[in-house]
Amino acid sequence: MVESTESAAAADRIRTSGDSEVATYLEIAEAREPGQSLTPAPNAPEAIAVIDYGSQYSMLIARRIREAGVYSELIAWDAPSSALNHLKVKAFVLSGGPASVYDQGAPVLPSYVLASELPVLGICYGMQLLTHEMGGRVAPATSREYGHAVINISEPESPLLHDLPSSMPVWASHGDNVVEMPRGFRSIAQSDNSPVAVMVDDAGHLGIQFHPEVVHTPQGDTLLQNFLFNVAGCEASWTAAAFVEESIKTIREQIGDGRVICALSGGVDSAVAATLVHRAIGDQLTCIFVDNGLLRAEEPERVVSTFREHISIDLRHVDAVDRFLGDLAEVTNPETKRKRIGETFIRIFEEHAHDLGQVDFICQGTTYPDVIESAGAGGGAAKVIKSHHNVGGLPKDMKLSLVEPLRNLFKDEVRRVGAELGLPHEMVQRQPFPGPGLAIRIMGEVTREKLEVLRAADWVVMDEIKKAAKYYDLWQSFAVLTDVRTVGVQGDYRTYGHCIALRCVTAEDAMTADWARLPYDLLASISSRITNEVPEVNRVVYDITSKPPGTIEWE
């Protein structure tokens, strides 16, 4: 939603006219984007729209709101109002971001936000943007705030600051300050370097010059809940049970009398998606488990037995090892690997759909982080990190329509839904395994020989992690076969073997992650067993990179 030259000029004329009775934010918004308004569909769910301006914490804001029992979605700042028509928006939250409001081409405020007359909470850049758009003034701070700060509350009776201490630590990250508030606003909290740390007006517009969504703001959850319940009047109705009920109704409406095939991998996402769709349409669903040759040791047998034991679903087992490995021959680029795997999956499903007769839909366990990482947040504020095989890797000429019941869920929410559906604990709490499988844990070309080496090493990692009772403490723990060969000595002989990298991380939702501080004895056991039990390997290293700057997977 970048302003056209004409509309931008019109908005600037109003903004700088000097007549406070004329220069209202509604007129500025109308000059920029005439006709933008919210028109929610009937029975749309109550939600908070988080407008994304590219902050590294944007996804975390949405998570914190959902944790309070209120549904939220991340919306690109340049998305049209129609992008929110599936929601009954109760309020807006404007995220932080790296830009300054005066930068050339800086992200702007969608006209429908203020025109809606709904409550708005601006965080950091969001606060500055709110100030700028409503006639106030923002300027570079004489002393920037990055990191820990303390705010002093001067209006404790404010609905936003209810039950908060008069002086509280916060996490700040800003180089600009509000130096002149818009008409009708007042400052209700200050810090040493920010005289307007919190500002409010009587129409439900609020701005805070710090980040309540991060753990470094200890009372941040309370502040966000105050906004949700005291200001926006939300209800805490976002629960796993409510999601299941609503999803079943939505799936039935989407599919009707059609038939669905489900791409079953054995992971928690596809298991929950399949169970949810089966709960909605029963025998109209057929699950297809494709053995692509890229799974861990004994995984194909375990997946089939687990599903047939716990879920009464029509399950077809397809051996496609040769086909996948043929399609991956001589491929070394990670993105190409993902796209080849995604396309091969779809082609196999289309072929088996033809064998089943008329099939109209394919169900996938796509989750919210998959979508965000593959597509970015829009407007250049967030960039593509990697194409997930079930998002960016899908062929454009795919004939089946997608059913993605988990598309807007974080992993912990998927697990809660799985528990609500009655799936066994070991299935619901299973560590995530990537759709492209071991292909993205092998650097360079994927071959049968490399797969066998990696499977053997990965088996040791899993065995030792489980013996140490660390499995459920970690988000993921696995081995990576690097493309490095190293000199070693094994059995009095000089060797030139593979180097295995061990990757163990902790995370909440995989959007960020930290390397796990495993005990040295555990690391030593893993290394010793791999170099003794996998003859092709003579070196093991431990990856101590967090995300960011790295990703969890190596490719």
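**Exercise 1. Find the segment that holds P548, then identify the peptide bonds around it.**

Solution.
Step 1. Place the residue. In this predicted model, P548 sits in the segment after β18 (537–542). P549 also lies in the segment after β18.
Step 2. Check the bond leading into P548. The K547 to P548 peptide bond is cis, with omega near -10°.
Step 3. Check the bond leading out. P548 and P549 are joined by a cis peptide bond too, and omega there is about 15°.

**Exercise 2. Locate C124 and E298, and describe phi at each residue.**

Solution.
Step 1. Start with C124. This residue belongs to the loop between β4 (120–123) and α5 (125–133).
Step 2. Read its phi. The angle of C124 is near 55°, a positive value in a residue other than glycine.
Step 3. Is C124 buried or exposed? Its relative accessible area is 3%. The cut-off for buried is under 20%, so C124 is buried.
Step 4. Turn to E298, in the loop between β11 (285–291) and α9 (299–310). Phi of E298 is near 65°, again positive in a residue other than glycine.

**Exercise 3. Work out the surroundings of K337.**

Solution.
Step 1. Find the element. K337 is part of helix α11 (residues 334–356).
Step 2. Judge exposure. The relative accessible area of K337 is 0%. Buried means under 20%, so K337 counts as buried.
Step 3. Look for a polar partner. A polar atom of the K337 side chain lies 3.0 Å from the backbone oxygen of A439.
Step 4. List the residues it touches. Not counting residues up to four places away in sequence, K337 touches L328, V331, T332, A439, I442, M443, G444, V446 and E555. A439 thus appears both as a touching residue and as the owner of that backbone oxygen.

**Exercise 4. Trace the five-stranded open sheet and the helices packed on it.**

Solution.
Step 1. Write the strand order: β12-β11-β10-β13-β14. The pairing is parallel.
Step 2. Which strands stand at the edges? They are β12 (314–319) and β14 (401–403). Each has a single partner strand, so one side of each is left without a neighbour in the sheet.
Step 3. Add the twist. From one strand to the next, it averages 30°.
Step 4. Zoom in on one pair. Strand β13 (residues 361–363) is joined to β14 by three bridges, and the two run parallel. Here F361 stands opposite S401 in β14.
Step 5. Add the helices. Helix α7 (residues 240–255) lies across β10 (260–264), β13 and β14, at about 165° to β14. Helix α11 packs on the sheet as well, touching β10, β11, β12 and β13. The direction of α11 makes about 135° with that of β11.

**Exercise 5. Describe the largest nonpolar core, then find another core apart from it.**

Solution.
Step 1. Recall the general trend. In soluble globular proteins, nonpolar side chains tend to be buried together.
Step 2. How many residues does the largest nonpolar core have? It has 121. F92, V290, I465 and I530 have the most contacts inside it.
Step 3. Which helix gives the largest share? Helix α8 (residues 268–281) does, with nine residues.
Step 4. Follow I465. Leaving aside neighbours within four places in sequence, I465 contacts K470, Y471, L474, S477, C504, L518, L522 and I526.
Step 5. Move to the other core. Apart from the largest one lies a core of 41 residues, including V93, I188, I208 and L228.

Definitions and conventions
Residues numbered from 1 in each chain as written. Predicted model: local features only at pLDDT ≥ 70, side-chain atom pairs only at ≥ 80, totals over all residues. Heavy atoms only, no water. Core = buried A, V, L, I, M, F, W, Y, C linked by side-chain atoms within 4.5 Å. Buried < 20%, exposed > 50% of the residue type's maximum accessible area, 1.4 Å probe, protein only. Helix = DSSP H or I, 4+ residues; strand = E, 2+ residues; numbered from the N terminus. Contact = heavy atoms within 4.5 Å. Polar contact = N/O pair within 3.5 Å; in protein donor to acceptor, adjacent residues only side chain to side chain. Pairing = 2+ DSSP bridges. Axes fitted to C-alpha atoms, helices over the stretch in contact; angles between N-to-C directions.
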